[in-house]
Amino acid sequence: MGNIFSPFPAPRKGARRAEGLTNPGSFDELHRKCKDVFPQQMEGVKLIINKSLSSHFQVSHTVHLSTIGHSGYHLNTTYVGDQQLSPTEIFPTLIGDISNVGSLSAQILHLITERIRTKAIFQTQQAKFTTWQFDAEYRGGDYTTTLTLGNPDLISESVIVVAHFLQSMTSRLVLGGELVYHRRAGEEGTIVTLAGKYTALKWIATLNLGFGGAHASYYHRANDQIQLGVEFEANTRLQDTSFAFGYQLNLPEANMTFKGLLDSNWHVGAVLEKKIPPLPVTLALGAFLNHWKHRFHCGFSIIVG
């Protein structure tokens, strides 16, 4: 038989391998799925009132009555723009939080181009600046690179520089690394950390390994109601190792969510959240017990809006 002419060229192997690769996201979100399973520490009584003034502006009032620390009040304001890339990404975003003692925390997130994101963070402790940080993130088709500049001080010649890189190797495997350089008076050093993340249909395994230690997490979604998370952390500088197990139970019929945890330091905790439709009210009750330190904390919060 003679040669058959095809008007369409055969696809290259490299292009075939690149099919299905997506952006790996941010380095700070590698362990996010597992961490969301664990309950947040609660203590005292807290009242949170959220009020949307417009489609772009929201105000939140928080009153916290503490039994072990100082009670206080926080005013939080949030402004979001018109550029929405996903349900959780809207640019520009401005967030400000001020307490009754005058401490301020502010964040500014801006989308310069479709692939370049910037973020600035400022924090003060009353009249003293404690944190000023600037981030620049570039998201390619299958990779993400980030550069962070923290607390730069030209007078004392101190600075913290963090560089992140993530690359999608396959549709499920992501590899990357972190480089942290810090310099202050009489001290200078660099820490390198390698990272990997594998995403399956119902579970996610993540590992960070470097000179500073190791951080591994495993997230598993058993079904629509039950989610599990396991975390392992080893710190070489502090010579400390910890292991934690957490779980989340969703009961949509009862509008309830239950989260619990147990770690290697015999720290046990749980938080129960209950929505009360048709009212825009969420109730949360939490209890945490540390057997070794003989400490018990409980908390109750009411979220309106």
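## A tour from strand S6 to strand S14

Select Phe-122 to begin: at a relative accessible area of 27% this residue is partly exposed, a label for values between the buried class (under 20%) and the exposed class (over 50%), computed with a 1.4 Å probe on protein chains only. The model is predicted, so local features need a pLDDT of at least 70 and side-chain atom pairs count only at pLDDT 80 or more, while totals for chains, interfaces and linings use all residues. Residues are numbered from 1 along each chain as its sequence is written, and side-chain values use heavy atoms, with hydrogens and water left out.

**Aromatic rings**

Keep Phe-122 selected and add Phe-134, which also counts as partly exposed, at 35% relative accessibility. The structure holds eight aromatic pairs, where rings of Phe, Tyr and Trp (its six-membered ring) pair if their centres lie within 6.5 Å, and planes under 30 degrees apart count as stacked, over 60 as edge-to-face and the rest as tilted. The ring centres of Phe-122 and Phe-134 are 5.8 Å apart and the ring planes stand at 80°, so this pair is edge-to-face. Because Phe-122 lies in strand S6 (residues 116-125) and Phe-134 in strand S7 (residues 128-139), the pair ties together parts that are twelve residues apart in sequence. Strands here are DSSP E runs of at least two residues and helices are H or I runs of at least four, both numbered from the N terminus. Next, display Tyr-138, Tyr-143 and Phe-165, which form one aromatic cluster.

**Strands S10, S11 and S12**

Now select residues 173-184, strand S10, together with residues 187-199, strand S11: these strands pair in the antiparallel sense over twelve bridges, given that two strands pair if DSSP finds at least two bridges between them. The S10 and S11 hairpin has two residues between the strands, and in that hairpin Gly-186 takes a positive phi near 75°. Extend the selection to strand S12 (residues 203-210), which runs antiparallel to S11 and is joined to S11 by seven bridges. A hairpin of three residues connects S11 to S12, and the bridge partner of Gly-196 in S12 is Leu-207.

Which residue in S11 is the bridge partner of Arg-184? The partner is Glu-187, and the side chains of Glu-187 and Arg-184 also form a salt bridge, with the closest N and O atoms 3.9 Å apart; the rule for a salt bridge is a side-chain nitrogen of Lys or Arg within 4 Å of a carboxyl oxygen of Asp or Glu. Both residues are partly exposed, Glu-187 with a relative accessible area of 39% and Arg-184 with 45%. Elsewhere, salt bridges that share partners join Glu-89, Arg-117, Glu-137 and Arg-139 into one network.

Before leaving this region, pick His-182 in strand S10, which is buried at a relative accessible area of 17%. The side chains of His-182 and Glu-187 make a polar contact at 3.4 Å, a polar contact being a pair of N or O atoms within 3.5 Å in which, within protein, one must be able to donate a hydrogen and the other to accept it, and in which residues adjacent in sequence count only if both atoms are side-chain atoms. Leaving out residues up to four places away in sequence, His-182 touches Val-159, Ile-160, Glu-187, Glu-188 and Gly-189, where contact means heavy atoms within 4.5 Å.

**Salt bridges across the chain**

The salt-bridge rule gives a count of six. One of these has already been shown at Arg-184 and Glu-187; for another, select Glu-89 and Arg-117, whose closest N and O atoms are 3.3 Å apart. Glu-89 lies in strand S4 (residues 89-99) and Arg-117 in strand S6, so this pair ties together parts that are 28 residues apart in sequence. Arg-117 is buried, with a relative accessible area of 11%.

Then move to Lys-35 and Glu-231, whose side chains meet in a salt bridge of 3.1 Å, N to O. Because Lys-35 lies in helix H2 (residues 32-35) and Glu-231 in strand S14, the pair ties together parts that are 196 residues apart in sequence. Is each partner buried or partly exposed? Lys-35 is partly exposed at 39% relative accessible area, whereas Glu-231 is buried at 8%.

**Last stop: Val-230**

Finish on Val-230, placed in strand S14 (residues 226-235) and partly exposed at a relative accessible area of 24%. Apart from neighbours within four places in sequence, Val-230 is in contact with Cys-34, Ala-216, Ser-217, Tyr-218, Phe-243, Ala-244 and Phe-245. For a sense of the distance back to the S10 and S11 hairpin, draw a line from the C-alpha atom of Val-230 to that of Gly-186: the two atoms are separated by 39 Å, and the residues are 44 apart along the chain.
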